[in-house]
Amino acid sequence: MNRIEKKLKEEKKILSIYFTAGFPNLNDTQKIISILERYNVDLIEVGIPFSDPLADGETIQKSSKKAIENGMTIHTLFSQLKDLRNKVKIPVILMGYLNPIIQFGIEKFCVKSKEIGIDGLIIPDLPVEIYIEEYKSLFNNNNLLNIFLITPQTSEERIKLIDKNSKGFIYMVSSSSITGSKNNLDDTSFKYFDKISKMNLNNPSIVGFGISNRETYEKVIKKSKGAIIGSAFINFIEQNSLEKIGEFIKKFR
């Protein structure tokens, strides 16, 4: 069983942390993963920096720009993570856009991901229909869970299609916005969470976008399996040394 699936079977709520590979410094990636595991984070999403993102807000865009300037590439990331499973056991997901992965070679990308022990992929601009037709067997053969995003605008028909073709969890985008654009979620978001809950999907949902403080985190995990924190964490490591990461995690746990 995939490490993500094992983690989701636990009774506890999930705290997932996203950060950009190669930020704040090129060689910080493995170090950050190890520290996050030490402080009992449940999942880690490592973002592959890209110059033309679709859903990323200013914070993640800036971190991606800095990471690219630092020299981060997919080749470099795989090299940095080659000994990943000798150092950590935590489930790790790679999150990136389709264009750089196509340039690298999708089959090669999946094979390398399996080799180093990556558990899942989030590719926001990979349509579910294309995934089913062209890549589903490739992902399955390499034991990679493909995590799809849904938003308040996603139709029930499409949500059911995504659920049917998913393993692990569904990434429930909290609102119609980019990452890091809200500090608090409104009633519309929570009505949306309730709607998804009532659909009785096969896969649990984990909420991302706009979760930046303990209050919002606590509210969200009452409506879902867990929460993803990205922009707030990136802001923190930009302004503080990595040794203080534990202080950030303790704000949520």
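Which residues of helix H9 (residues 156-164) are buried? In this predicted model, the buried residues of helix H9 are Ile159, Ile162 and Asp163. Because they cover an arc of only 100 degrees around the axis, these residues are placed on the same side of H9. The face of H9 turned away from this buried side carries the exposed residues Glu157 and Lys164. On the buried side, the packing partners of H9 are H8, S6, strand S7 (170-173) and helix H10 (187-198).

Two of these partners, H8 and S6, also appear in the description of an aromatic pair, that of Tyr131 and Phe148. The ring centres of Tyr131 and Phe148 are 5.3 Å apart and their planes stand at 80 degrees, so the pair is classed as edge-to-face. Since Tyr131 belongs to helix H8 (residues 128-141), whereas Phe148 is found in the loop between strand S5 (145-146) and strand S6 (149-150), the pair ties together parts that are 17 residues apart in sequence. Tyr131 has a relative accessible area of 2% and is therefore buried, and Phe148, at 6% relative accessibility, likewise counts as buried.

The count of aromatic pairs in the model comes to 13. Another of them is formed by Phe50 and Tyr97, with a distance of 5.7 Å centre to centre and 35 degrees between the planes, an arrangement described as tilted. This pair links distant parts of the chain, as Phe50 lies in the loop between strand S2 (43-47) and helix H3 (58-70), while Tyr97 lies in the loop between strand S3 (92-95) and helix H6 (98-104), 47 residues apart. The relative accessibility of Phe50 is 18%, and Phe50 therefore counts as buried, the cut-off being under 20%; Tyr97, at 6%, counts as buried too.

Aromatic residues also take part in other arrangements. Tyr217, Phe233, Phe236, Phe248 and Phe252 together form one aromatic cluster. Elsewhere, the face of the Phe104 ring has Lys108 lying over it, at 4.6 Å from the ring centre.

Turning to the nonpolar interior, the largest nonpolar core has 88 residues, and within this core Leu36 and Leu94 are those with the most contacts. When residues up to four places away in sequence are not counted, Leu94 touches Val46, Ile48, Leu77, Phe78, Leu81, Phe109, Ser113, Ile118, Gly120, Leu121 and Ile122. Among these neighbours, Val46 falls within the range of strand S2 (43-47), and Leu94 itself falls within that of strand S3 (92-95).

Conventions: Residues numbered from 1 in each chain as written. Predicted model: local features only at pLDDT ≥ 70, side-chain atom pairs only at ≥ 80, totals over all residues. Heavy atoms only, no water. Phe/Tyr/Trp six-rings, centres within 6.5 Å; stacked < 30°, edge-to-face > 60°. Helix = DSSP H or I, 4+ residues; strand = E, 2+ residues; numbered from the N terminus. Buried < 20%, exposed > 50% of the residue type's maximum accessible area, 1.4 Å probe, protein only. Lys NZ or Arg CZ within 6 Å of the ring centre and 35° of its normal. Arc of directions from axis to C-beta. Contact = heavy atoms within 4.5 Å. Core = buried A, V, L, I, M, F, W, Y, C linked by side-chain atoms within 4.5 Å.
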